[in-house]
Structures are given as structure tokens and as C-alpha cells.
Amino acid sequence: MTTAAKGIKTVLHPVSDLATATAMYTALFGVPPQIEGTYYVGFEVDGHHIGLVPDGGPQAITTPVNYWEVPDIEAKLAELIAAGATVKQPLRDVGQGRRVAEVIDLDGNILGLLQDR
């Protein structure tokens, strides 16, 4: 059974200087971050979450990663693997009922999946 993605909900950007990136994205969005820590800064912009991750975080991302919201993350992960994707980061709970995983397509692009419970 195919489960359709609902759309991009979160985009994570790896940054080398969190303070400078925070100032720049605050200027771009016109709003201050809603989450601000030493390990992560997050903005809510028009229904989307934009996150700044110092040095790519534990995921070791080197380019922005789009996280597609899906209703059943296990099913979507299995569908993508069956279609040729490889797992970059396995399914995990990141808190507040959110579960995420990342896969890599055949061209090396990272696709993020997320499900909120």
C-alpha cells in the first residue's frame, strides 16, 4: 500500500557559525527563532519549520535536508527502500511525538521523513 507524503514540513540547514546564521535567517524571515539553543535553532515560518544545525549535527548533514511529512513513516520508509533508497539515519524518536528517518536516493540526495503523533 502506498502512503502519500503530505508535503515538506521541515528543512534543516547545516551551519558553521550558529550565531551568524541565526542573525541572517532572522533577517530573512523577519521573526526571531522559536527554539534557540547551542545545538539547534528553529524558526516557524508560514507553517514550515526551518532548523539550523551546527556543523551538520549528529546526522552529519552537509547540505540542506527536506523532511517530508508522512502519515505512516514505517510504511513510507519500507516503500523507499524497496524503490532503491538506502538508509542514512534509521527511524528514531526525536521528542514531542516526532519520529524521523533519512534515506539517500541513487544520486546521493538525502530525503528526510517525519511523522508527528
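1. Helix α1, residues 18-29, lies across four strands: β1 (7-15), β2, β3 (41-45) and β4 (48-54). The helix runs at about 5° to β3. Note that this is a predicted model.

2. The length of α1 checks out. Its 12 residues, at 1.5 Å a residue, should span 16 Å. The end C-alpha atoms are 16 Å apart, so the expected span and the model agree.

3. Which residues of α1 are buried? They are Leu18, Ala21, Thr22 and Tyr25. Viewed down the helix axis, the buried residues fall within an arc of 105°, which means that they line one face of α1. Their cover includes β1, β2, β3 and β4. On the other side of the helix, Ala19, Thr20 and Ala27 are exposed.

4. Both ends of α1 deserve a look. At the N-terminal end, Asp17 acts as the cap: one of its side-chain oxygens lies 3.2 Å from the backbone nitrogen of Ala19. Just after the helix comes Gly30, with a positive phi of about 75°.

5. Now the sheet. It is open and has eight strands, in the order β2-β3-β4-β1-β5-β8-β7-β6. The pairing is mixed. At the edges sit β2 (35-36) and β6 (86-95), each pairing on one side only.

6. How do β5 and β8 pair, parallel or antiparallel? The sense is parallel, with four bridges joining β5 (residues 65-69) to β8 (residues 110-116). Within this pairing, Trp68 has Leu113 of β8 as its bridge partner.

Definitions and conventions:
Residues numbered from 1 in each chain as written. Predicted model: local features only at pLDDT ≥ 70, side-chain atom pairs only at ≥ 80, totals over all residues. Heavy atoms only, no water. Pairing = 2+ DSSP bridges. Helix = DSSP H or I, 4+ residues; strand = E, 2+ residues; numbered from the N terminus. Contact = heavy atoms within 4.5 Å. Axes fitted to C-alpha atoms, helices over the stretch in contact; angles between N-to-C directions. Expected span 1.5 Å × (residues − 1). Buried < 20%, exposed > 50% of the residue type's maximum accessible area, 1.4 Å probe, protein only. Arc of directions from axis to C-beta. Polar contact = N/O pair within 3.5 Å; in protein donor to acceptor, adjacent residues only side chain to side chain.
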